[in-house]
Amino acid sequence: VWGSDGAAYDVGRLLLDSDGPSVPSSSGKPPGSHGGCSLDRITSRLAPFMSTLAPRLLLCVHSPSPTTRSQITPLWTALAGGSPSSARSCVTANLIPIVDGLLGDTRDPDWRRREGAANALGSVVGGRTWGELGGGEGLGKESHVTMDGTVDGMTLRDYNGKNKVVNAKNKKNKTVNVAVNVAPAYFRLIGLWDCAFRLLDDVRDSVRSAGFELSKTVRVLTSSLCSSSSSSSSSAAALSTVLLYLTTHGITHPHPPCRGVSVATLAAVTAVALPETLCPYVPSLVGAFTRGLAAVEPEGLDYLTNRTRAGGGDGDSGDGHADARSRNRITALRSAMAVQSPLSHSVTHLLHLLPLSPPSVRSSTLSALLSSLSSGSGVACIAGAARAVGTVCRECPQALREGGGKGGGGAGGVIVQAAMRYVEEEGV
């Protein structure tokens, strides 16, 4: 069916151009002489192969080619049951092979297949649950994830080639061994984000547009998976997966649109996640978000700051005082942008959880802030970390009195002094 447009068109005529109980064969011979059969019979015979057919049919249904869409859409509608509700049920029954197949098509050299796969993924993954994507546990804090979705050295394709044998009953009620795919849901969630990032940076405009629409769908899906409306185990698994991937590869992505959608997703996730689920991640998120402020800042501001020298009269304008005033204004602008960033608001939301957190979480959060102040680069990072220290002083002063952290016993005073020192040095 998917080998050529002509073959697909011929099968479409075979299925759809019949008014009687039987359909003539593609060779034009009478039904009885060459295997003609009814539409219901053809559909029932192809039903066991829908896990293989569906990804390719959906790819053609969402193809940028109008000819391909017009030929395959009626065929897909007929095979899926003839109505939108039955088509949705068919997609749900074969969701895992559909998503896995379309994720592979987004890497195809042909831009038409990349665009069609992006559109198809956006149409099938919306509103799905963690269990429908494969279930299982989420990523652990010690898991190593690469940008392309490799987890601890294993890809989704590796898992698809690795089968687990379980016992099941056949039609004669005899116990047989059945191979079951064991790829967990976090591979598909990470794969969707990797796909969105790649398509957002595609060389073709139409593919980038499809990638933008897909990124919005994946953002809503991620927020739904991590929300309190999901089961506690599923939301915890989705939360650990998305936080690890987006804080590692999302907010530091070299392409600005990818950083933007990552920041928006992390802000939404931290707002809807259960507090008890989010508390263990507060230290790592606070550190990642404050350091990420420098990554999402427009590059032009850092360039202007470096070009504008304070004092000395050796600036381009020849007036040292004018250069100093310009630099101060740029620094004030960068600080204001940092504290109004969605990441900064997410840090504030996370710090509001400190009074409910155990002492170990509070001390680790202070250590993360001290690390951001001392090793962070750029005005945005310093301004965001300093604002976070001020929030801790207001919302959870007991954390400053508790021992622990790098300062040991006097960690609170050390962090406040460090914040004041770095703010003064940067002129924030």
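Which residues in H7 meet which residues in H10? I started my notebook with that one. On the H7 side I found Trp111, Arg114, Glu115, Ala118, Asn119, Leu121 and Gly122, and they meet Ser206, Val207, Ala210, Leu214 and Thr217 in H10. "Meet" here is a matter of contact, meaning heavy atoms within 4.5 Å.

**Ground rules**

I noted that this is a predicted model, where local features need pLDDT of at least 70, side-chain atom pairs count only at pLDDT 80 or more, and totals for chains, interfaces and linings use all residues. Residues are numbered from 1 along each chain as its sequence is written, and side-chain values use heavy atoms, with hydrogens and water left out.

**The whole chain**

I looked up the elements and got 21 helices and 2 strands in the protein chain. Both kinds are DSSP runs numbered from the N terminus: helices are H or I with at least four residues, strands are E with at least two.

Next I checked burial: 45% of the 428 residues in the protein chain are buried. My cut-offs are under 20% relative accessible area for buried, over 50% for exposed, and partly exposed in between (1.4 Å probe, protein chains only).

The accessible surface of the protein chain comes to about 20,100 Å², and carbon and sulfur atoms hold 54% of that. Those areas come from the Shrake-Rupley method with a 1.4 Å probe, and for residues only the protein chains shown count as cover.

I also took contacts between residues at least 6 apart in sequence: 67% of them join residues at least 24 apart.

**How confident is the model?**

pLDDT is the predictor's confidence in each residue, from 0 to 100. The protein chain averages 77, and 74% of the residues score at least 70. I marked two stretches where pLDDT stays under 50. Over residues 175–180 the model has 19 contacts beyond four places in sequence, and over residues 310–317 it has 15 such contacts.

**Helix pairs**

Two packed helices are described by the angle between their axes and the distance between the axes. The axes are lines fitted to C-alpha atoms, for helices over the stretch in contact, and angles run from 0 to 180 degrees between N-to-C directions. I sorted the angles like this: under 35 degrees is roughly parallel, over 145 roughly antiparallel, 65 to 115 roughly perpendicular, and the rest oblique. A crossing is left-handed if the near helix is turned anticlockwise from the far one by less than a right angle, and right-handed if clockwise.

Back to my opening pair. H7 (residues 111–124) and H10 (residues 205–226) pack at about 20°, with their axes 9 Å apart. H7 and H10 are therefore roughly parallel to each other, and H7 passes H10 in a left-handed crossing.

Then I tried H14 (residues 282–296) and H19 (residues 379–395), which pack at an angle of about 150° with their axes 7 Å apart. That makes H14 roughly antiparallel to H19. H14 passes H19 in a right-handed crossing. Thr290, Arg291, Leu293 and Ala294 in H14 meet Ala380, Cys381, Gly384 and Ala385 in H19.

My third pair was H3 (residues 50–61) and H6 (residues 95–105), whose axes come within 9 Å and cross at roughly 45°. That makes H3 oblique to H6. The contact is made by Ser51, Ala54, Pro55, Leu58 and Leu59 of H3 with Pro97, Ile98, Leu102 and Asp105 of H6.

**Single residues**

Is phenylalanine 197 buried or exposed? I found that phenylalanine 197 is buried, at 2% relative accessible area. Phenylalanine 197 lies in H9 (residues 185–200). Beyond four places in sequence, its contacts include Met147, Tyr245, Leu246 and His249. Its C-alpha atom is 9.7 Å from that of leucine 214, 17 residues apart along the chain.

Arginine 198 is also in H9, but I logged it as partly exposed, at 25%. Not counting residues up to four places away, arginine 198 touches Leu103, Thr106 and Arg107.

Aspartate 152 caught my eye with a positive phi of about 50°, although it is not a glycine. I found aspartate 152 in the loop between H7 and H8 (156–160), and at 52% relative accessibility it counts as exposed.

Last, I looked up proline 397, which sits in the loop between H19 and H20 (398–401). Proline 397 is partly exposed, with a relative accessible area of 32%.
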